[in-house]
Amino acid sequence: MGCRALMVGDVTGTMGPKSVGFQRYRLRCSARAACARRWEHPCMSSPCSPQKSQGSNRSSRVEQPSFFIDFEASGIAPDSYPIQVAVVSSESSFNSLIKPARYWTHWSFDAQDMHGLCQDQLREQGDTPNAVARRMNQLFSGQVLCSDSPQDSFWLDVLYEAADLVPTFELKPLEVFVGREAASEIYRLLPTTKHHRALDDASALMSACRAFFQV
């Protein structure tokens with residue numbers, strides 16, 4: 001979802017009177033900081049690790065992601081759930097609305113104001129969690145997907161729990177790939193916007209990473 005926010009009212013399931021922007025920014029950036037502390041010295045040595053860029057001193061010291069993922073969700077409450085997922089790379093893209101599972105009932109209208117998706121649209125146009133998860137396993141098996149926040153890992157878990165499947169790929173926050181300082185530089189390259197969709201945000205993260213590595 002990028003660096004964006006919902007008010008405290010969304011956490012409790014009620015609507016707060018204030019702007020939705022700052023609180024979500026604070027929550028997402030706090031999560032980023034916590035992840036950065038955990039992965040201050042990242043090591044990606046598995047066979048599915050991203051390729052190291054050889055173009056410059058900067059890029060040779062970090063891992064350059066190849067796949068970028070973003071979720072839109074029903075909100076940020078503990079019972080929130082993913083409603084859209086997108087994955088992009090330099091060669092391909094995947095984008096799907098997600099039809100809510102029967103027990104997914106949380107809904108934040110503050111979040112709806114940001115992503116612009118309504119519940120009827122998800123029920124009519126979305127694919128089931130099982131169908132989305134199966135397709136992602138087929139497309140991204142063995143890959144490591146880069147996210148702009150650890151929160152996306154939560155929504156991935158919710159998706160795959162509903163699908164009763166296990167991911168065949170990994171999802172890692174940007175800090176794991178490039179470290180805390182470089183991630184902060186990349187985040188500053190992201191566009192500031194009030195409205196968010198998964199495909200746009202995943203593409204924006206990929207573009208920001210490309211711009212960083214080209215310097």
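Where does T168 lie?

1. T168 sits in the loop that runs between helix α7 and strand β5, the latter spanning 170-173. The structure is a predicted model, and the points below should be read with that in mind.

2. Is T168 buried or exposed? T168 is partly exposed, because its relative accessibility is 36% and that class covers values between the 20% limit for buried and the 50% limit for exposed.

3. Leaving aside residues up to four places away in sequence, T168 makes contact with N137, F140, S141 and G142. As for spacing, its C-alpha is separated by 9.6 Å from that of A133, a residue 35 positions away along the chain.

4. The helix before this loop, α7, covers residues 151-163, 13 residues in total. From first C-alpha to last, α7 reaches 19 Å, which is close to the expected 18 Å at 1.5 Å a residue.

5. Which residues of α7 are buried? They are D152, W155, L156, V158, L159, Y160 and A163. After α7 comes D164, which has a positive phi, near 60°.

6. For the protein as a whole, the count is 10 helices and 5 strands. Of its 215 residues, 50% are buried. The exposed area is about 10,700 Å², with 49% of it supplied by carbon and sulfur atoms.

7. Among contacts with a separation of 6 or more, 70% join residues 24 or more positions apart.

Definitions and conventions: Residues are numbered from 1 along each chain as its sequence is written. This is a predicted model: local features need pLDDT of at least 70, side-chain atom pairs count only at pLDDT 80 or more; totals for chains, interfaces and linings use all residues. Side-chain values use heavy atoms; hydrogens and water are left out. Helices (H or I, at least four residues) and strands (E, at least two) are DSSP runs, numbered from the N terminus. The expected span of a helix is 1.5 Å times one less than its number of residues. Buried means under 20% relative accessible area, exposed over 50%, partly exposed in between (1.4 Å probe, protein chains only). Contact means heavy atoms within 4.5 Å. Accessible areas come from the Shrake-Rupley method with a 1.4 Å probe; for residues, only the protein chains shown count as cover.
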